[in-house]
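Student: I am new to this protein and would like a guided look at it. Could we go through it together?
Tutor: Certainly; please have the sequence and the model open.

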Amino acid sequence: MLLATFKLCAGSSYRHVRNMKGLRHQAVLAISQELNRRALGGPTPGAWIHQVRRRSSLLGSRLEDTLYSDQELAYIRQGEEAMQKALGILSSQEGWKKENQQANGDQVLSKVVPDVGKVFRLEVVVDQPMERLYEELVERMEAMGEWNPNVKEIKVLQKIGKDTVITHELAAEAAGNLVGPRDFVSVRCAKRRGSTCVLAGMATHFGEMPEQKGIIRGEHGPTCMVLHPLAQSPSKTKLIWLLSIDLKGWLPKTIINQVLSQTQVDFANHLRKHLESNPAPEARC
């Protein structure tokens, strides 16, 4: 099936059918459906990471290249690049050091990655189904400032296709106002394969959102969140958050490390509290 579909897509690139948009759309849809079917991961996020890293680059480089402007294609490819890099970092199990360990099992690990710098890895189990977390972290992203005090506002500046968005995030002051307000402009890419979801992102340039007076513009990336139900308890979700961030400005590394690891721990606590106090619609009946 996949071979025949690629032949269909290749055929649409010949001169005499190049303008047949319906054929190209059909080919794109067929390939996407076939890759989605084949990319279903195993019982662990690691198996899915291996699958999506191989296939997302193919989708990003070959499919739907006539459906978007050059700038939109650049954003899509940047989102794919962020996902590839972030998943590559997470797939390596060596060199991680413990930064923070909570009594409930939440932990933050860190390591230094060449050409990236120090990255932080939050690992938690949330007593909620994966679909609930996906709703809050992806579909209702702009509402995060309502329950996470570390975020003043997240705004979607542009949506490109079904997977890619450009966002502006305004972060609150931290460490007793020692770390002043920061903002971030990022491209984010969300992918779902079976029961697993990955939300990845990195800093980007968006001309309609210039730097603001009195606010230092930091840079994300590559960063990502991986959500996957626990194999032994599908109603619970394993959440892994890879955080790579440059806060800019002059700040001691010890303060940066403390702020970033604590920010991840606080995020998990705020997320749990929000989900517990705002049950899913079906649970409210």
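**A guided conversation**

Tutor: Of the 285 residues in the protein, buried residues make up 50%. Please keep in mind that this is a predicted model.

Student: What helices and strands does the protein have, and how many?
Tutor: There are seven helices and 12 strands.

Student: How much area does the protein expose?
Tutor: About 14,800 Å² is exposed, and carbon and sulfur atoms supply 51% of it.

Student: What share of the contacts between residues at least 6 apart in sequence joins residues at least 24 apart?
Tutor: That share is 58%.

Student: What pLDDT does the protein average?
Tutor: The average is 81, and 73% of the residues score at least 70.

Student: Which elements have the lowest and the highest mean pLDDT?
Tutor: Helix H1, residues 2–11, has the lowest mean, at 41, while strand S11, residues 237–243, has the highest, at 97.

Student: Where does pLDDT stay under 50?
Tutor: One such stretch is residues 1–25, for which the model has 26 contacts beyond four places in sequence. Residues 27–32 also stay under 50, with 11 contacts of that kind in the model.

Student: Changing topic: how many disulfides are there?
Tutor: The count comes to zero.

Student: Why does Cys 189 have no bond to the closest cysteine sulfur?
Tutor: That closest sulfur belongs to Cys 197 and is 9.9 Å from the sulfur of Cys 189, which is too far for a bond, because a disulfide requires the two sulfur atoms to be within 2.5 Å.

Student: Is Cys 189 buried or exposed?
Tutor: Cys 189 is buried, with a relative accessible area of 1%. Cys 224 also counts as buried, at 1% relative accessibility.

Student: Now the empty space. How many cavities of 30 Å³ or more does a search of the whole structure find?
Tutor: The search finds one. The largest cavity holds about 580 Å³ of space. It is lined by 34 residues, and the closest to its centre are Val 151, Glu 169, His 220, Trp 241 and Leu 243.

Student: Which elements supply at least two residues each of that cavity's lining?
Tutor: They are strand S4 (151–160), strand S5 (164–171), strand S6 (182–193), S7, strand S10 (223–229), S11 and H6.

Student: And what volume does the second largest pocket have?
Tutor: Its volume is about 400 Å³. Among its 21 lining residues, Val 116, Gly 117, Lys 118, Ile 245 and Asp 246 are the closest to its centre. Two or more lining residues come from each of strand S3 (117–126), strand S7 (196–203), strand S9 (219–220), strand S12 (245–246) and helix H6 (253–277). H6 gives the largest share of this lining, four residues.

Student: Tell me about Val 116. Where is its place?
Tutor: Val 116 sits in the loop between S2 and S3. At 31% relative accessibility, Val 116 counts as partly exposed. Not counting residues up to four places away in sequence, Val 116 touches Ile 89, Pro 222 and Ser 244. Its C-alpha atom is separated by 9.7 Å from that of Lys 85, and the two residues are 31 apart along the chain.

Student: What joins Pro 222 to Gly 221?
Tutor: A cis peptide bond joins them, with omega at about -5 degrees. Pro 222 lies in the loop between S9 and S10. As a general point, most peptide bonds are trans, and most residues other than glycine have a negative phi.

Student: Which residue in the loop between S2 and S3 has a positive phi?
Tutor: Asp 115 does, with phi near 70 degrees. Asp 115 is exposed, with a relative accessible area of 87%. Lys 248, in the loop between S12 and H6, also has a positive phi, near 60 degrees. Lys 248 counts as partly exposed, at 32% relative accessibility.

Student: Last topic: how many residues of helix H5 are buried?
Tutor: Seven of its 10 residues are buried, so helix H5, residues 130–139, is mostly covered. Among the buried residues are Met 130, Arg 132 and Leu 133. The buried residues of H5 pack against S3, S6, S7, S10, S11 and H6.

Key:
Residues numbered from 1 in each chain as written. Predicted model: local features only at pLDDT ≥ 70, side-chain atom pairs only at ≥ 80, totals over all residues. Heavy atoms only, no water. Buried < 20%, exposed > 50% of the residue type's maximum accessible area, 1.4 Å probe, protein only. Contact = heavy atoms within 4.5 Å. Areas by Shrake-Rupley, 256 points an atom, 1.4 Å probe, with all protein chains shown as cover. pLDDT = per-residue confidence, 0-100. 1 Å grid on protein atoms, 1.4 Å probe; cavity = no way out; pocket = protein on both sides within 12 Å on 5 of 7 lines; lining within 4 Å. Points joined across faces, edges and corners; volume = space filled by probe spheres on them.
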